Amino acid sequence: LTKLMVDLTMPGIGGIELWQSFLIDRVPNILDRGYFVVTKVSHQFKKETGWLTTLQGMFRYKPKKGTQR
């Protein structure tokens, strides 16, 4: 299996913690079978752009119903 990673940069946001889950809309149907977890959070403060937050996330499949993890 190949890891599916994503990096997102957005206007500054606080309160995001490692291993929290998040979803991304408008993605291929295969990604409807799981979710992303935060693996890294970083912040930038620049006069030109202001406060920016970058999240790194890793895709995880949802467990199938009736199976144990």
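Trainee: Is Phe36 buried or exposed, and at what relative accessibility?
Mentor: Keep in mind that this is a predicted model. The cut-off for buried is under 20% relative accessible area. Phe36 falls under that cut-off, so it counts as buried, with a relative accessibility of 5%.

Trainee: Which residues make up the largest nonpolar core?
Mentor: We just saw that Phe36 counts as buried, and Phe36 is one of the residues in that core. There are 6 residues in all. They are Val6, Phe22, Leu31, Phe36, Val38 and Phe59.

Trainee: How many aromatic pairs does the structure hold, and what is the angle between the planes of Phe36 and Phe59?
Mentor: The structure holds 4 aromatic pairs. Phe36 and Phe59 form one that is edge-to-face, with 5.4 Å centre to centre. Planes over 60 degrees apart count as edge-to-face, and for Phe36 and Phe59 the angle is 70°.

Trainee: How many residues apart in sequence are the parts that the Phe36 and Phe59 pair ties together?
Mentor: Look at where the two rings sit: Phe36 lies in strand 3 and Phe59 in strand 4. The pair therefore ties together parts of the chain whose separation in sequence is 23 residues.

Trainee: Which residue forms an edge-to-face pair with Phe59 at 5.1 Å centre to centre?
Mentor: Start from Phe59, which is buried, with a relative accessible area of 11%. Its edge-to-face partner at 5.1 Å has a ring plane at 85° to that of Phe59. That partner counts as partly exposed, at 47% relative accessibility. The residue is Tyr61.

Trainee: Which residues do ring pairs link into a cluster?
Mentor: You already have two of the links: Phe36 with Phe59, and Phe59 with Tyr61. Phe22 belongs to the cluster too. So, written out, ring pairs link Phe22, Phe36, Phe59 and Tyr61.

Trainee: Let's switch to Thr53. Which side chain does the side chain of Thr53 make a polar contact with?
Mentor: Thr53 lies in strand 4 (residues 50–61), and at 0% relative accessibility it counts as buried. The side chain of Thr53 also reaches the backbone nitrogen of Ile13 at 3.0 Å. The side-chain partner you want is at 3.1 Å, and it is His43.

Trainee: Which residues is Ser42 in contact with, leaving aside its neighbours within four places in sequence?
Mentor: Ser42 sits in strand 3 (residues 34–46). It is partly exposed, with a relative accessible area of 28%. Thr53 has Ser42 among its own contacts, along with Val41 and His43. For Ser42, the contacts are Leu52, Thr53 and Thr54.

Trainee: How far is Ser42 from Ser21, going by C-alpha atoms?
Mentor: Ser42 and Ser21 are 21 residues apart along the chain. In space, their C-alpha atoms are separated by 16 Å.

Trainee: Stepping back, in what order do the elements of the protein chain run?
Mentor: The chain has 0 helices and 4 strands. From the N terminus on, that gives β-β-β-β.

Trainee: What radius of gyration does the protein chain have, given that a compact globule of 69 residues would be near 11 Å?
Mentor: First, the C-alpha atoms fill a box of roughly 50 × 25 × 20 Å along the principal axes. Of the 69 residues, 20% count as buried. Where a compact globule would have a radius of gyration near 11 Å, the protein chain has 14 Å.

Notes:
Residues numbered from 1 in each chain as written. Predicted model: local features only at pLDDT ≥ 70, side-chain atom pairs only at ≥ 80, totals over all residues. Heavy atoms only, no water. Helix = DSSP H or I, 4+ residues; strand = E, 2+ residues; numbered from the N terminus. Buried < 20%, exposed > 50% of the residue type's maximum accessible area, 1.4 Å probe, protein only. Contact = heavy atoms within 4.5 Å. Polar contact = N/O pair within 3.5 Å; in protein donor to acceptor, adjacent residues only side chain to side chain. Phe/Tyr/Trp six-rings, centres within 6.5 Å; stacked < 30°, edge-to-face > 60°. Core = buried A, V, L, I, M, F, W, Y, C linked by side-chain atoms within 4.5 Å. Rg over C-alpha atoms; globule rule 2.2 N^0.38 Å.
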